[in-house]
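Reader: I'm new to reading protein models. Could you walk me through how the labels are earned?
Author: Gladly! Let's look at it together.

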Amino acid sequence: MTPVLPEGLSTDEITDAQHRVVNDLLAEVRPSRWVGWYYTPMALQFTRHLSPNLRVYDNMDELSAFAGAPQGILDLERELMAKCDLMFVGGQSLYESKHKRHDNIHAFPSSVDSAHFRSARQAGVDPDDQREIPHPRIGFFGVIDERMNMDIVAGIAALRPQWQLVMIGPTAKISPQALPRAENIHWLGCKQYRELPNYLSGWDVGIMPFAMNEATRFISPTKTPEFLAAGVPVVSTPITDVINPYGAAGHVEIASNAEAFVAKIDLLLTRPKAHWLSAVDAHLAEMSWDKTWARMMLHITSVGAESKAAREGQLV
């Protein structure tokens, strides 16, 4: 359920409106047992009064490090962590940063819908806005914001004017005027998830030109296994959770600047893919969302059993 609020509300009015929506929803559904599952500490502002049977904090990113992070998010996170029975984090770096702050915390790096992205390995219909772009095509998909190193993008385009950079995703928290412009850089905007395999099918190499800053310090990019499932070789900046395990295993090439990216892309454009694909598929075999959810459920069930035993002990 996604609440749709009127424009022009103050912060307090927004919180009050969400408070009413949640109360109305619970009054309608009337669950006998339920889990309060938090993706952001900000949600605590309109759910603090609730009493779920279990609270889970699913912490996918260090949100406080992002540009424009809400005021007070760190204080709310401390409060949420104190209230939560169970905490999941979206990568090993995030786990290392927070594992001493909660006594039931578990790392779950990004999983992948392999079947969806694997369809990119078959020649599909090139989308209309990509069809006329020549090869080699060097592609990126994802949110385009302060986490992208624009100098690397501009540098690749300048060093190899015969390559075409296809950039897919919405622009957020940065001005569109800040995007590097060149004849061989194509900003195609936002696409639907279902459309992505058709775009990736026409790419020769993928890039993840993340900036090395506070906003990327703890990220574990979901697009890493998605590129691999699509069969698209990829070059990334040295993000910790990309280096280990993907870079260390030879699944992803690592580069720190435009010149190094160009050298790695040159390598990938000529490297046979069969051995690489075999190793990638073996790695991805244990990374389905279904398997991740099954492992999460083991922790949830365990906490539920402990809570039940505690309640029964109090009754005795």
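Author: First, a word on naming: helices and strands are DSSP runs, at least four residues for a helix and at least two for a strand, numbered from the N terminus. With those names, P136 sits in the loop between α4 (114-118) and β5 (137-141). Please keep in mind that this is a predicted model.

Reader: What makes the bond between H135 and P136 a cis peptide bond?
Author: The angle omega is about 0° for the bond that joins H135 and P136, and it is cis. Another cis bond runs from N244 to P245, with omega near 25°. P245 belongs to helix α8. In general, most peptide bonds are trans.

Reader: Why is C84 called buried?
Author: Buried means under 20% relative accessible area. C84 has 7% relative accessibility, so it counts as buried.

Reader: And why is C190 called exposed?
Author: For that label the value must be over 50%. C190 has a relative accessible area of 55%, so it is exposed.

Reader: How many disulfides does a search of the whole structure find?
Author: Zero. A disulfide would need a pair of cysteine sulfur atoms within 2.5 Å.

Reader: Why is L25 called partly exposed?
Author: Partly exposed lies between the 20% and 50% cut-offs. L25 has a relative accessible area of 33%, so it is partly exposed. L25 is in helix α1 (residues 11-29), and together with M1 and V29 it makes a nonpolar surface patch of about 320 Å².

Reader: How do you know that the buried residues of α2 line one face of the helix?
Author: In α2 (residues 73-83), the buried residues are I73, L76, E77, L80 and M81. Viewed down the axis of α2, they fall within an arc of 135°, so they line one face. A helpful rule: an α-helix has 3.6 residues a turn, so residues three or four places apart point the same way. The buried residues of α2 pack against β1 (35-38), β2 (54-59), β3 (86-89) and α3 (92-98).

Reader: What is notable about the phi of R30?
Author: Phi of R30 is near 50°, a positive value in a residue other than glycine. Most residues other than glycine have a negative phi. R30 is in the loop between α1 and β1. Its relative accessibility is 69%, and the cut-off is over 50%, so R30 counts as exposed.

Technical notes: Residues numbered from 1 in each chain as written. Predicted model: local features only at pLDDT ≥ 70, side-chain atom pairs only at ≥ 80, totals over all residues. Heavy atoms only, no water. Patch = residues over 30% accessible without salt bridge, like charges linked within 9 Å, V, L, I, M, F, W, Y side chains within 5 Å. Areas by Shrake-Rupley, 256 points an atom, 1.4 Å probe, with all protein chains shown as cover. Salt bridge = Lys/Arg side-chain N within 4 Å of Asp/Glu carboxyl O. Buried < 20%, exposed > 50% of the residue type's maximum accessible area, 1.4 Å probe, protein only. Arc of directions from axis to C-beta. Contact = heavy atoms within 4.5 Å.
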